[in-house]
Every structure is written in structure tokens, then in C-alpha cells.
Amino acid sequence: MDRIRTGEIIRAMRLNKKMTQAALAEKIGVSDRAVSKWERGCGVPDVSILPLLAAELGIDMENLINGEMEENDLINGNMKMLKFYVCPDCRKEAFRT
């Protein structure tokens, strides 16, 4: 598990859902300090928390553990409905507004 990448994904998905660290922490039963620690890459969520965290953030648990986001299928044009995407040119991850 890459702590930094996982933390970046947790933060990005939390912000996309317009949640504070405290709100996310309350929903999954941890402290806001724990969420802060994860997002800064200073620690990782406990295995028992991962299913709740992944469900709350709307991300596949495997991707959360690996610190990866699935790339969009550009051929089928599904980017119109997604808020998160990976730029095919620069490979940078971003959110649509």
C-alpha cells in the first residue's frame, strides 16, 4: 500500500463529495485526526475500516489499497458522466466541475 497515493485519493474523493475530515471520520467511526493522518501519508487506514471508507468515498476497495484510480474508457465516451478523470495527454488526475 502506497501511503502517499492512498492519502491523496482519500483527500481528493472526500473533497469531491464536499465533506470535511470530521464528517468523513464520523461516518466511518474514526477520529478526524486519523483521517488527517491518512491524507498526509503519515499512516494508513486499518484493514477493518477499508470497506466502510471505500463505500463512503465511492471507490473500489482494491483501487483505494493500491492508491490508483481507474482510468476512463475514452472510446465509449463515458467521461461526460464522471467527475474524476485521468488526462490522456499528461496522465494527471483531475476533477470536473
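This passage looks at the nonpolar core of a predicted model and at the helices that build it.

The core comes first. The largest nonpolar core has 16 residues, and Ile10, Leu24, Trp38, Leu53, Leu57 and Leu64 are the ones touching the most other members. At least two core residues come from each of helix 1 (3–16), helix 2 (21–28), helix 3 (32–39) and helix 4 (50–57). Helix 4 gives the largest share, with four residues. Ile10 shows how these pieces come together: with neighbours within four places in sequence set aside, Ile10 is in contact with Leu24, Trp38, Glu39, Pro45, Leu53, Leu57 and Leu64.

Helix 4 is worth a look on its own. Its buried residues are Leu50, Leu53, Ala54 and Leu57. Viewed down the axis of helix 4, these buried residues stay within an arc of 95°, so they line one face of the helix. As for what lies over them, the cover includes helix 1, helix 2, helix 3 and helix 5 (61–66). Two of the buried residues named here, Leu53 and Leu57, have already turned up among the contacts of Ile10. Just after helix 4 comes Gly58, with a positive phi near 75°.

Helix 2 follows a similar plan of description. Leu24, Ala25 and Ile28 are its buried residues. Down the axis of helix 2 they fall within an arc of 100°, so here too the buried residues line one face of the helix. That buried set packs against helix 1, helix 3 and helix 4. On the face turned away from the buried side sit Glu26 and Lys27, both exposed. Helix 2 is followed by Gly29, whose phi is also positive, near 80°.

That leaves the pairing of helix 2 with helix 3. In general, a packed pair of helices is described by the angle between the axes and the distance between them. For helix 2 and helix 3 the angle is about 110°, and the axes lie 8 Å apart. An angle of 65 to 115 degrees counts as roughly perpendicular, so helix 2 is roughly perpendicular to helix 3. The crossing of the two is right-handed. On the helix 2 side, the residues that meet helix 3 are Gln21, Ala22, Leu24, Ala25 and Ile28. Their partners in helix 3 are Asp32, Val35, Ser36, Trp38 and Glu39. Leu24, Ala25 and Ile28 thus appear both in this interface and in the buried set of helix 2. Leu24 and Trp38, one from each helix of the pair, are also among the core residues that touch the most other members.

Note on methods. Residues numbered from 1 in each chain as written. Predicted model: local features only at pLDDT ≥ 70, side-chain atom pairs only at ≥ 80, totals over all residues. Heavy atoms only, no water. Core = buried A, V, L, I, M, F, W, Y, C linked by side-chain atoms within 4.5 Å. Buried < 20%, exposed > 50% of the residue type's maximum accessible area, 1.4 Å probe, protein only. Contact = heavy atoms within 4.5 Å. Arc of directions from axis to C-beta. Axes fitted to C-alpha atoms, helices over the stretch in contact; angles between N-to-C directions. Parallel < 35°, antiparallel > 145°, perpendicular 65-115°, else oblique. Left-handed = near helix turned anticlockwise from the far one by under 90°.
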